[in-house]
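Reader: Hi! I'm new to reading protein structures, and I'd love a close look at one part of this one. Could you pick a single spot, stay with it for a while, and then show me how the rest can be read in the same way?

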Amino acid sequence: MEYTVNKLSKISGVSARTLRYYDEIGLLKPVKVAESGYRIYSQDELNTLQEILFYRELGFPLEEIKHIVYAPGYDRISAFHNHLDKLVIKRKQMDSLIDNVTKSISAMKGEITMTDTEKFEGFKQSIIDKNEKAYGHEIREKYGDSAIDASNAALKGLSQKQYDEGERLRAAYEEMLKNAVRTGDPSEETAQAACDLHRQWLCIFYPNYSKEYHKALGEMYATDERFRAYYEKITSGCAEFFRDSINIYCKQ
């Protein structure tokens with residue numbers, strides 16, 4: 001079958017303007033352009049559009065989607081299995097939040113009693129699911145399932161007081177890092193104090209702390225583009241500086 005822009009727009013719910021934009025950036029080009037100037041799409045483009053929408057729903061930027069769906073050896077069946085896994089995680093996250101809100105309403109009506117820990121279960125699960133989605137594959141390969149599962153269990157078991165303390169520590173070591181980077185010396189007192197706060201933060205969220213684990217995280221902060229981007233937002237040069245500071249700290 002062949003589809004014009006308007007027909008494809010009606011089937012997919014994607015506006016004609018968006019389809020034309022996808023053509024302009026090379027994300028979804030028509031199979032041909034008729035003499036009249038109408039873009040014509042085939043079943044293949046329709047299927048590709050479905051995949052684009054899946055990736056958009058999962059939060060992927062357009063440029064990254066383009067690299068994925070047009071990569072050599074791209075396996076559509078494997079991609080859909082991957083979509084399914086991510087959607088299941090997303091559904092679990094939503095189910096957890098719905099359960100949390102439902103219990104909270106019952107608690108406010110005096111029908112049940114909720115502990116402080118229970119009040120934040122849904123939000124903690126949301127954090128775990130987001131971390132698994134973003135970094136799960138890499139960190140499980142590096143540290144093993146048992147270590148990561150223990151860390152996730154520890155996070156779910158945190159009281160609100162412990163969680164708030166973790167957030168305080170994170171904000172404190174990031175602020176120290178911002179000031180320490182200006183010195184250019186990872187062995188300097190402020191840099192090492194930031195590393196110690198980072199260790200305290202790790203001990204809250206990652207119960208199996210070790211110097212080896214601490215150093216491995218520092219290396220990941222500097223080399224993994226997602227972690228690196230996070231620390232570079234604090235201040236330019238922060239990711240590598242933090243790694244070097246952690247390495248010095250762990251030798252002491």
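**A close look at Ser106 and beyond**

Author: Let's begin with Ser106, which counts as buried because its relative accessibility is 17%, and buried means under 20%. Before we go on, please keep in mind that this is a predicted model. You can find Ser106 in helix H5, the helix that covers residues 76–108. What does Ser106 touch, once residues up to four places away in sequence are not counted? The partners are Glu111 and Ile112.

Now stay in helix H5 and look at Val101, which also has its place there. Val101 has a relative accessibility of 48%, so this residue counts as partly exposed; that label covers values between the 20% limit for buried and the 50% limit for exposed. Together with Ile105 and Met108, Val101 makes up a nonpolar patch on the surface. The accessible area of Val101, Ile105 and Met108 together is about 320 Å². So in helix H5 you can find both Ser106, which is buried, and Val101, which is partly exposed.

With that way of reading in hand, let's step back to the whole chain. The protein chain has 13 helices and three strands. Its length is 252 residues, and 35% of them count as buried. The accessible surface adds up to about 14,800 Å², with 53% of it belonging to carbon and sulfur atoms. If you take the contacts with a separation of 6 or more, 62% of them are between residues 24 or more positions apart.

A good example of a pair separated in sequence is Cys250 and Lys211. They are 39 residues apart along the chain, yet their C-alpha atoms are 5.6 Å apart in space. Cys250 sits in helix H13, residues 238–251, and is buried because its relative accessible area is 8%, under the 20% limit. Setting aside neighbours within four places in sequence, Cys250 is in contact with Tyr209, Lys211, His214 and Lys215.

Helix H11, which covers residues 211–223, is worth a moment too. How far apart are the end C-alpha atoms of H11? They are 18 Å apart, which agrees with the 18 Å that its 13 residues should span at 1.5 Å a residue. The buried residues of H11 are Tyr213, His214, Leu217, Gly218, Met220, Tyr221 and Ala222. You have already met His214 as a contact of Cys250.

Let's follow the cysteines a little further. How many disulfides does a search of the whole structure find? The count is zero. Take Cys195: its sulfur is 7.5 Å from the closest cysteine sulfur, in Cys250, and that is too far for a bond, since a disulfide needs two cysteine sulfur atoms within 2.5 Å. Cys195 is buried, with a relative accessible area of 0%. Cys203, on the other hand, has a relative accessible area of 37% and is partly exposed.

Charged side chains give us another set of links. The whole structure contains twelve salt bridges. One of them joins the side chains of Glu165 and Arg168, at 2.8 Å from N to O. Both residues lie in helix H9, residues 160–181, three residues apart, or about one turn of the helix. Glu165 is partly exposed at 30% relative accessibility, and Arg168 is partly exposed at 45%.

Helix H9 also holds Glu175 and Lys178, three residues apart, again about one turn of the helix. Their side chains meet in a salt bridge at 3.8 Å, N to O. Glu175 has a relative accessible area of 42%, so this residue is partly exposed; Lys178 is partly exposed as well, at 29%.

Elsewhere, Arg243 forms a salt bridge with Asp244, and the closest N and O atoms are 3.2 Å apart. Is Arg243 buried or exposed? At 18% relative accessibility, Arg243 counts as buried, while Asp244 is partly exposed at 31%. Finally, Asp23, Lys29 and Arg39 are linked in a network of salt bridges.

To return to where we started, find Ser106 in helix H5 once more, and look for its contacts with Glu111 and Ile112.

Definitions and conventions
Residues are numbered from 1 along each chain as its sequence is written. This is a predicted model: local features need pLDDT of at least 70, side-chain atom pairs count only at pLDDT 80 or more; totals for chains, interfaces and linings use all residues. Side-chain values use heavy atoms; hydrogens and water are left out. Buried means under 20% relative accessible area, exposed over 50%, partly exposed in between (1.4 Å probe, protein chains only). Patches are made of residues with over 30% relative accessible area and no salt bridge: like charges are joined within 9 Å, nonpolar side chains (Val, Leu, Ile, Met, Phe, Trp, Tyr) within 5 Å. Accessible areas come from the Shrake-Rupley method with a 1.4 Å probe; for residues, only the protein chains shown count as cover. A salt bridge is a side-chain nitrogen of Lys or Arg within 4 Å of a carboxyl oxygen of Asp or Glu. Helices (H or I, at least four residues) and strands (E, at least two) are DSSP runs, numbered from the N terminus. The expected span of a helix is 1.5 Å times one less than its number of residues. Contact means heavy atoms within 4.5 Å.
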